[in-house]
Amino acid sequence: MKMKSENSATLTRVLKLIRPYRWLMGLSLLFAVITVVTTLYAPVLTGQAIDHVVAKGNVDFKAITPILVRFLVVVGIMAASSWMMNLCNNRIAFHVVKDLRTKVYAHVQNLPLAYLDSHSNGDTLSRIVTDIDQLSDGLLMGFSQLFTGVVTIAATLGFMLSIHVGIALLVVLLTPVSLFVAAFIAKRTYSLFRAQSQVRAEMTSLVEELVGNQRVVTAFNYEEKAEERFCDVNHRLQKVGLKAIFLSSLTNPCTRFVNGLVYTGVGIFGGFVALTAGPTVLSVGQLSCFLSYANQYTKPFNEISSVITELQNALASAKRVFDLLDEPEQLPDKENAVVLNSAEGTVELTHVAFSYVPEVPLLKDVTLFVKPGQRVAIVGPTGCGKTTLINLLMRFYDVNKGMITVDGTDVRDLTRESLRGNFGMVLQETWLKAGTIAENIAYGRPDATMEEIEEAAKASYAHNFIRRLKDGYQTVIAEDGGNLSQGQKQLLCIARVMLCLPPMLILDEATSSIDTRMEVRIQRAFHKMMKGRTSFIVAHRLSTIREADMILVMKDGDIIEQGTHEELLAKGGFYRNLYYSGAPEEQSAEKDFK
């Protein structure tokens, strides 16, 4: 019962997606009727022609000729209407898929990061691409065969009843057996197709993980283990796929067997009537016509059974897509949310508490006041809450307790777009899109001139390596900058922020992929960039934060020390121990910087 209820709910939602194109559905149904009527009229003409073949050498060609002309006209109309029906069906299916995919992607854009952090990218990708494609295939087959099938059954029944009621009843009584067979099989295929969609999503996720990190796989000699994992998922996909396809494939031969019995019964019974009752009751031509109708009548049942199987697959995929759409979006901005046009840069945290999982507290009671233009460095061991603090400042997550204000306004009372527009971020994880280097630098300012792009690149020390590339700023880079070194990608990300220069900056491990000597040059560029701007710097390499106006030392979700670099060293506390644990590199870099 639960599965049946799920199917009904999913089908109802699919029909709602089709509703805007109901006029196309009406046209498709009209062309389906024309196609079926002309298809069924052709056997009538054939039967009439047969009745004019009286005996060997006794053929009434004069009567047959106009019948042949009508037959050619009917076939032409049938072909044209069938083409128009398929055209309408294709437009419906692809418009629905386009609308659904747009809706799903827009929804994903509004999902909270908590969802995206807790679900694999491969699974989400599989729902947006593969599952919607499966739904498209199901809609195409459904429209093309379901419409014509239903109309064919109704029209054929009418034609048969007009010829001989007894034989028509024989066909009607035997044919539904194929529907019972199809329904019996369909009930058992839905769960298999749903399992197939889930394993397919697991496969997509695994392939994305392994192919996207092939360097790491190779570096750690993980190829054999990776192949084992792939083979395991592939074997499970093969197993569940074979079961689903095998069971669904039984539908066609089983229904064809029933249809064969119907055709045989009509032939035997009709032949008996024609021989005993004579041509006044059932002529040879009418029997030929009836046999054709019997075949036409049973054929839709066979096609509908195939459609049911395909729809089971489509509905299983649609269910996964709708499950994604049903995920709650992030809380919308308040109706009276304030637009932060150009922030002064005053940031205050008051008794802030936050945790990703309620059972595991992270930030417990963080209080902080940052003046406009101050450079605040955040340091501490891994997992202490540094990046979490940044996530809260950008409002990727909302605080559980307490309050964060920018220029005296609670960030929850600001529009997310305007808040984030006042921050510039350079992250440890570089992200570049497939396109030219110039397009990547201008990602935040698409209207920037070439001169402004080059100035930003020079300021980030990226200009020299860009100039050495074959096509310079017009060099096309692969997705995520795959044909650049990690350091070069980081420089482009820094240039991207330098081009925008918003009033507040966040540098989260921004120089982690750059060598120490280059880091010193970048620090000078950062020093210029941060001048007059409120800046938050997260770093493990403490050489990057010595010039900060304020250093926050975090441990276990609390700020345990606060002050300048010299003040914290003089205290001889946790920061001093943290700093001198990497003494050789830090002190060498410090000398270079000075």
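**Exercise 1. A buried ion pair**

Both R320 and D131 are buried in this predicted model. Task: state which contact R320 forms with D131, and which parts of the chain the pair ties together.

Solution.
- Step 1. Take the distance: the closest N and O atoms of R320 and D131 are 2.7 Å apart.
- Step 2. Apply the cut-off: a salt bridge needs a side-chain nitrogen of Lys or Arg within 4 Å of a carboxyl oxygen of Asp or Glu. R320 and D131 therefore form a salt bridge.
- Step 3. Place the partners: R320 is in helix α11 (residues 284-325), while D131 is in helix α5 (residues 121-163), so the bridge ties together parts 189 residues apart in sequence.
- Step 4. Widen the view: R320 and D131 belong to a network of salt bridges that also links D123 and R127. The structure holds 17 salt bridges.

**Exercise 2. Two further salt bridges**

Task: for the pairs D333 with R416 and E455 with K458, find where each residue lies and whether it is buried, partly exposed or exposed.

Solution.
- Step 1. The side chains of D333 and R416 form a salt bridge, at 3.4 Å from N to O. This pair links distant parts of the chain: D333 sits in the loop between α11 and β3 (347-354), R416 in helix α13 (residues 416-421), and they are 83 residues apart.
- Step 2. Use the limits: under 20% relative accessible area is buried, over 50% is exposed, and in between is partly exposed. With 31%, D333 is partly exposed; with 7%, R416 is buried.
- Step 3. E455 and K458 also meet through their side chains in a salt bridge, at 4.0 Å from N to O. Both are in helix α15 (residues 450-459), and because they are three residues apart, about one helical turn separates them.
- Step 4. In an α-helix there are 3.6 residues a turn, so residues three or four places apart point the same way.
- Step 5. By the limits of step 2, E455 is partly exposed at 49% relative accessible area, and K458 is partly exposed at 41%.

**Exercise 3. The span of a helix**

Task: check the end-to-end distance of helix α9 (residues 223-249) against the expected span, and list its buried residues.

Solution.
- Step 1. The expected span is 1.5 Å times one less than the number of residues. For the 27 residues of α9 this should give 39 Å.
- Step 2. The end C-alpha atoms of α9 are 37 Å apart, which agrees with the expected value.
- Step 3. The buried residues in α9 are A226, V233, L237, V240, G241, A244 and S248.

**Exercise 4. Surface residues and chain neighbours**

Task: describe the surroundings of W23, D51 and W431.

Solution.
- Step 1. W23 is found in helix α2 (residues 22-51). W23 has a relative accessible area of 55%, so it is exposed.
- Step 2. Together with L27 and L30, W23 forms a nonpolar surface patch of about 310 Å² accessible area.
- Step 3. D51 is also in helix α2, and at 38% relative accessibility D51 is partly exposed. The C-alpha atoms of D51 and I64 are 9.5 Å apart, with their positions 13 residues apart in sequence.
- Step 4. W431 is in the loop between β8 (423-426) and β9 (435-436), and is partly exposed at 42% relative accessible area. W431 and K489 are 58 residues apart in sequence and 7.9 Å apart from C-alpha to C-alpha.

How values were computed. Residues numbered from 1 in each chain as written. Predicted model: local features only at pLDDT ≥ 70, side-chain atom pairs only at ≥ 80, totals over all residues. Heavy atoms only, no water. Patch = residues over 30% accessible without salt bridge, like charges linked within 9 Å, V, L, I, M, F, W, Y side chains within 5 Å. Areas by Shrake-Rupley, 256 points an atom, 1.4 Å probe, with all protein chains shown as cover. Helix = DSSP H or I, 4+ residues; strand = E, 2+ residues; numbered from the N terminus. Buried < 20%, exposed > 50% of the residue type's maximum accessible area, 1.4 Å probe, protein only.
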